[in-house]
Amino acid sequence: MGTSHLKEGNLEAKAIAAVVEELERQAAENPSKLRVSRTGDKLTVNGEIDVDAVVMVVVGSMAGGP
């Protein structure tokens, strides 16, 4: 599953969008530890990820949070 599902607006698409946005936020916050790049509907991630933060945004997206 790629990020092409982001336009569907369903719960799964919201969770995918939340994960991508969180990973990009983490990369922007600490580019020496994490690099994220998109190519079409694929995402490449290299480095350390704060998994707790990723889980929180997924749970928030499923619960209707921001």
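**A walk through an α-β-β-α chain**

Two helices and two strands make up the secondary structure of this chain, and the model you are looking at is a predicted one. Follow the sequence from its start and the elements come in the order α-β-β-α. Of the 66 residues in the chain, 27% are buried. Among contacts with a separation of 6 or more, 38% join residues that lie 24 or more positions apart. The chain exposes about 4600 Å², and carbon and sulfur atoms supply 56% of that area.

Let's settle on helix 2, which runs over 51-62. Its twelve residues should span 16 Å at 1.5 Å a residue, and the end C-alpha atoms sit 17 Å apart, so the expected and modelled lengths agree. Which residues of this helix are buried? They are A53, V54, G60 and S61. These residues cover an arc of only 130° around the axis, so they fall on the same side of helix 2. That buried set packs against helix 1, residues 11-29. Turn to the other side of helix 2 and you meet V51, D52 and M56, which are exposed.

Now step back to the loop between strand 2 (42-47) and helix 2, where I49 lies. Is I49 buried or partly exposed? Its relative accessible area is 38%; because buried means under 20% and exposed means over 50%, I49 counts as partly exposed. I49 also belongs to a nonpolar patch on the surface, together with V51, V55 and V59. Between them, these four residues offer about 320 Å² of accessible area. V51 thus links two parts of our tour: it is a member of the patch and one of the exposed residues of helix 2.

Notes: Residues are numbered from 1 along each chain as its sequence is written. This is a predicted model: local features need pLDDT of at least 70, side-chain atom pairs count only at pLDDT 80 or more; totals for chains, interfaces and linings use all residues. Side-chain values use heavy atoms; hydrogens and water are left out. Patches are made of residues with over 30% relative accessible area and no salt bridge: like charges are joined within 9 Å, nonpolar side chains (Val, Leu, Ile, Met, Phe, Trp, Tyr) within 5 Å. Accessible areas come from the Shrake-Rupley method with a 1.4 Å probe; for residues, only the protein chains shown count as cover. A salt bridge is a side-chain nitrogen of Lys or Arg within 4 Å of a carboxyl oxygen of Asp or Glu. Helices (H or I, at least four residues) and strands (E, at least two) are DSSP runs, numbered from the N terminus. Buried means under 20% relative accessible area, exposed over 50%, partly exposed in between (1.4 Å probe, protein chains only). The expected span of a helix is 1.5 Å times one less than its number of residues. The arc is that of the directions from the helix axis to the C-beta atoms. Contact means heavy atoms within 4.5 Å.
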